[in-house]
Amino acid sequence: MSATPPSNGTAVEDAASPVAGYAPPGQRPPFLPYLTFMGIFGSLVAGALALAKRQGRELPERAPAGQLLLLGTASHKLSRLLSKDKVTSPLRAPFTELEGRGGPAELEEASRGTGARKAIGELLICPFCLGLWVIAAFSIGLLFAPRVTRFVASLFAALTISDFLQIAYKAAEEKGLGE
């Protein structure tokens with residue numbers, strides 16, 4: 001008579017899982033919440049595109065270079081602001097823990113918890129990950145409210161330029177060039 005051993009999270013009981021062999025269970029990313037985020041993202045974008053089509057809004061034939069530069073610069077800044085800025089840390093705090101100072105006016109944080117909490121934390125501290133969501137929001141904004149979207153994107157693009165100038169000025173001061 002063979003008894004089933006108690007569940008202890010070992011790779012043996014996990015062998016039938018499609019993610020078996022990826023990493024030990026305790027070291028795996030939160031796959032189910034990640035899949036959920038992908039589903040939410042895809043559904044939101046598909047829903048926005050379906051609504052635009054139903055309202056007769058045409059997608060542009062191509063994106064002008066200036067618009068790509070504006071959205072790329074704005075999304076860079078907004079995703080960094082959301083994921084790293086000291087002022088936005090209260091938004092991340094339920095999902096992260098402070099590790100220390102980062103770049104100018106930025107913090108380094110780690111996600112905390114497990115499951116959805118960990119996945120949300122990882123999304124919130126990753127400017128590269130947030131960038132896709134921000135770019136999608138700006139792009140959908142261009143379909144439904146282009147003037148407002150360009151105005152808001154211009155604010156973040158100008159802030160990006162300002163940040164680079166602040167950093168350059170500080171570097172010049174430190175080299176004695178600002179005297």
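Here is a walk through a predicted model, from a surface patch to a disulfide and a couple of ring pairs.

Let's start on helix α2, which covers residues 31–54. Leu32 sits in this helix, and with 63% relative accessibility it counts as exposed, because the cut-off for that label is over 50%. Leu32 also has company: together with Leu35 and Met38 it makes a nonpolar surface patch of about 350 Å². The spacing of those names may ring a bell. An α-helix has 3.6 residues a turn, so residues three or four places apart point the same way.

Stay on α2 a little longer and you'll come to Ile40. Its relative accessibility is 40%, so Ile40 counts as partly exposed. If you want a sense of scale, jump from Ile40 to Gly72: they are 32 residues apart along the chain, and their C-alpha atoms are separated by 22 Å.

Now for the inside. Which residues of helix α5 are buried? In this helix, residues 115–124, they are Ala119, Gly121, Leu123 and Leu124. The cover over them comes from several directions, including helices α2, α3 (65–84), α4 (89–92) and α6 (127–144), along with strands β1 (96–101) and β2 (107–111). So α2, where we began, turns up again here as part of that cover.

Next, the cysteines. The count of disulfides comes to one, and the partners are Cys126 and Cys129, with their sulfur atoms 2.4 Å apart. The torsion about the S-S bond is about 70°, so this disulfide is right-handed. Its two ends are not covered to an equal degree: Cys126 counts as buried because its relative accessibility is 17%, while Cys129, at 36%, counts as partly exposed.

Finally, the rings. How many aromatic pairs does a search of the whole structure find? The search turns up two. One joins Tyr22 and Phe31 edge-to-face, at 5.2 Å centre to centre and with 70° between the planes. Tyr22 counts as exposed because its relative accessibility is 54%, whereas Phe31 is at 26% and so counts as partly exposed.

Phe41 and Trp133 form an edge-to-face pair as well, with 5.1 Å centre to centre and 70° between the planes. This pair links distant parts of the chain: Phe41 belongs to helix α2 and Trp133 to helix α6, 92 residues apart. As for cover, Trp133 has 26% relative accessibility, so it counts as partly exposed.

How values were computed: Residues numbered from 1 in each chain as written. Predicted model: local features only at pLDDT ≥ 70, side-chain atom pairs only at ≥ 80, totals over all residues. Heavy atoms only, no water. Patch = residues over 30% accessible without salt bridge, like charges linked within 9 Å, V, L, I, M, F, W, Y side chains within 5 Å. Areas by Shrake-Rupley, 256 points an atom, 1.4 Å probe, with all protein chains shown as cover. Salt bridge = Lys/Arg side-chain N within 4 Å of Asp/Glu carboxyl O. Helix = DSSP H or I, 4+ residues; strand = E, 2+ residues; numbered from the N terminus. Buried < 20%, exposed > 50% of the residue type's maximum accessible area, 1.4 Å probe, protein only. Contact = heavy atoms within 4.5 Å. Disulfide = S-S within 2.5 Å. Phe/Tyr/Trp six-rings, centres within 6.5 Å; stacked < 30°, edge-to-face > 60°.
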